[in-house]
Amino acid sequence: MEKAIKRYAPIFVLPTFLAFTIGFIVPFFQGLYLSFCQFTTAKNAKFIGFDNYIRVFQDETFLDSFGFTVMFAIVSILSINIIAFALAMILTRDNLKGTNVFRTVFFMPNLIGGIVLGYIWQILLNCVLSIVGEPLLALNSTAGYWGMIILMCWQQIGYMMIIYIAGIQNVPEALVEAAAIDGATSWQTLTKVKLPMVMPSITICVFLTLTNSFKLFDQNLALTAGEPRHATEMLALNIYNTFYARAGAQWKGLGQAKAVVFCILVIVISLIQFRATHSKEVQQ
Amino acid sequence: MTASRKRFVNSIFTVVLGVLSVAYIYPVFMILINSLKQENSITTNGAFTLPTAETFAGVTNYVSAIEAQGFLRSLGYSLFITISSVAAILLFCSMSAWYLARVKSIFSTAMYYLCVFSMVVPFQMVMYTLASTADTLKLNTPWNIWIIYLGFGAGLAVFMITGFMKSVPLEIEEAAMIDGCNPIRTFFSIVMPMLKPTLVSVGILEAMWVWNDYLLPTLVLDIKKYKTIPMLIQYFRGSYGRVEMGPMMACIMLTIIPIIIVYLAGQKHIIKGVAAGAVKG
């Protein structure tokens, strides 16, 4: 059978393979190469070695946005996952009324795109800020930071909650009953039985929130656009601005080198996280 | 815990969640009330006040959003791009996923791992080179941008469908082949129907991504000629001069309403699809 399928390889694999080559493989390797070049378009690239990378680590805006992204990621990962897990625990209780309605409502913001979400929250937060007499988002980096946290929570809690609900529902009833018969308190049942059993869901949710926070772009652009003075600029937006907000031969190469550093960073962090939480999973 | 105490705790939770749900919907409701106000009564600190008899604008904002700002054209582009991209992803990626799962070779393994790798790589890594590649190959119109989406969305789709394929029994396909089906017929009449649950998940996830995607179409398409909905909204905010707030808010509502209708209609599939996709992923 394998041989028969193999003869049809052009039909089965070629379309995806071609598109994947155009959409990912070529841009990826070309991007890798261009990070060692000075260029204004992909055609006039001049090889200059590691100069761009040296400049990446001298670029203060990049280091600042790295710090901002890390601070943002830590707080948003913790708050999203804790709240989503708590909601999932409540929504899986027996005989709770309106479970479906709540689930539907909490998931809804997820379907609205980042640009629209950012705009909605900009209007809402600016209104709150002007009522309490604080500077508006464009001049207020603290509000910008917490605004992005709130926005991310609003958008992602529902999604993670759905994954946690599926995980909790997969915990075998017999295990929970056995724990109850052995005299476990509900706190012990949660930490000693349920949490280890839903560890695969936790791995996935932390992975998703981690990569989403690090790669965040649309929401950042729409809510604060990095204002005031790049103080709320995250890595993805910083790279975008390096590419497109400035004219001059030195910027695009720098932007591409930043992108490579960013890419390596995201891969390394995801690998570490995956190893760390994956090792805590138990076999059923 | 006694039954009556449990009922009491449950009703407390219902109230708390009810309040939270209202807070959850409020931001969208706020846009709705502002989209019904007259232009000069939309102010920064008055976003929470309801429109009064004097400030109520009816549907004028909606009319001008549709007429003046080219909303319908953008809606058309967004719809076409989303449908064509998702259809291409589902068809071609399920075909390749079957091949990759059934044929063991260096090529299969390499392509599978490249797909997994592409899911982690941030878009900024490839954005400049992708835009210039798309320009060179003339893939910069709404009619063929699906090729780019197929390439960039292939990672997730191939990964999820190949994962599901492992649980599909080989014997059924073998029986079909022995009965004289060629691989193409085997795939379309035997394998693809069995893939339905995972195709629904993949389709929903990819549709959510393509529909809301802002950066890729901005970089690839010519913004003067073609604007998808996210591009339209960002364009009117970012353009110099005074932003007309009323039509803007109407535009946002017109974007959200179809999403909510689709969501409420297919709610069960969407939520199940997301959960299944995550467990597989």
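# A walk around the two chains

Guide: In this predicted model, the domain assignment splits chain A into domain 1 (2-49) and domain 2 (52-278). The centres of the two, taken over C-alpha atoms, are 31 Å apart.

Visitor: What makes domain 1 and domain 2 of chain A count as touching, and how many residues take part?

Guide: A contact here needs two C-beta atoms within 7 Å. Domain 1 of chain A puts in nine residues, and domain 2 of chain A also puts in nine. On the domain 1 side, helix H3 (14-34) and strand E1 (37-38) of chain A each supply at least two residues. H3(A) has the largest share there, with three residues.

Visitor: How do you know what chemical character the domain 1 side has, by nonpolar, polar and charged residues?

Guide: Sort the residues by class: the side of domain 1 of chain A that touches domain 2 of chain A has five nonpolar, four polar and no charged residues.

Visitor: And chain A as a whole, what is it built from?

Guide: Chain A has 14 helices and two strands. Its C-alpha atoms fill a box of roughly 75 × 75 × 30 Å along the principal axes. Of its 284 residues, 43% are buried; to earn that label, a residue needs 20 or more other C-beta atoms within 10 Å of its own. Among contacts in chain A with a separation of 6 or more, 72% join residues 24 or more positions apart.

Visitor: Why is the crossing of H5(A) and H11(A) described with an angle and a distance?

Guide: Because two packed helices are described by the angle between their axes and the distance between the axes. Here, H5(A) and helix H11 (residues 199-215) of chain A come out at about 145 degrees, with axes 9 Å apart. The angle runs from 0 to 180 degrees between N-to-C directions. The crossing itself is right-handed.

Visitor: Which residues of H5(A) and H11(A) make that contact?

Guide: H5(A) contributes eight names to look up: A:Thr69, A:Phe72, A:Ala73, A:Ser76, A:Ile77, A:Ile80, A:Asn81 and A:Ala84. From H11(A) come A:Cys205, A:Val206, A:Thr209, A:Leu210, A:Ser213 and A:Phe214. By class that is nine nonpolar, five polar and no charged residues.Visitor: Over in chain B, how do H7(B) and H8(B) pack?

Guide: Helix H7 (residues 170-178) and helix H8 (residues 183-194) of chain B pack at about 140 degrees, with their axes 10 Å apart. Their crossing is right-handed. On the H7(B) side you'll find B:Ile172, B:Glu173, B:Ala176 and B:Met177, and they meet B:Thr186, B:Ile190 and B:Val191 in H8(B). That contact divides into five nonpolar, one polar and one charged.

Visitor: Why is B:Lys138 called exposed?

Guide: B:Lys138 has 8 other C-beta atoms within 10 Å, and the cut-off for exposed is 12 or fewer. So B:Lys138 is exposed. You'll find it in the loop between helix H5 (123-136) and helix H6 (146-165) of chain B.

Visitor: What makes the phi of B:Lys138 worth a look?

Guide: Most residues other than glycine have a negative phi. B:Lys138 is not a glycine, yet its phi is positive, at about 60 degrees.

Visitor: Is B:Ser4 buried or exposed, and how do you know?

Guide: Run the count again: B:Ser4 has 8 C-beta neighbours inside 10 Å, so it counts as exposed, with 12 or fewer as the limit. B:Ser4 lies in helix H1 of chain B. Its C-alpha atom is 51 Å from that of B:Ala57, 53 residues apart along the chain.

Visitor: How many residues does each chain give to the contact between chain A and chain B?

Guide: Chain B gives 68 residues and chain A gives 77. On the chain B side, helix H1 (residues 3-35) gives the most, with ten residues. By class, that side of chain B has 47 nonpolar, 17 polar and four charged residues.

Visitor: What confidence does the predictor attach to the complex and to each chain?

Guide: For the complex, the predictor gives an ipTM of 0.84 and a pTM of 0.86. Chain A has a mean pLDDT of 85, with 98% of its residues at 70 or more. For chain B the mean is 83, and 95% of its residues reach 70 or more.

Visitor: Which elements have the lowest and highest confidence in each chain?

Guide: In chain A, helix H1 (residues 2-7) has the lowest mean pLDDT, 76, and helix H5 (residues 60-91) the highest, 91. In chain B, helix H13 (residues 267-280) is lowest, at a mean of 73, and helix H3 (residues 71-102) is highest, at 90. Where pLDDT is low, the predicted coordinates should not be read in detail.

Definitions and conventions:
Residues are numbered from 1 along each chain as its sequence is written. Chains are lettered from A and ligands numbered from 1 in the order in which they are written. This is a predicted model: local features need pLDDT of at least 70, side-chain atom pairs count only at pLDDT 80 or more; totals for chains, interfaces and linings use all residues. Helices (H or I, at least four residues) and strands (E, at least two) are DSSP runs, numbered from the N terminus. Ala, Val, Leu, Ile, Met, Phe, Trp, Tyr, Cys and Pro count as nonpolar, Asp, Glu, Lys and Arg as charged, and the others, Gly among them, as polar. A crossing is left-handed if the near helix is turned anticlockwise from the far one by less than a right angle, and right-handed if clockwise. pLDDT is the predictor's confidence in each residue, from 0 to 100. Domain bounds come from an automatic or database domain assignment.
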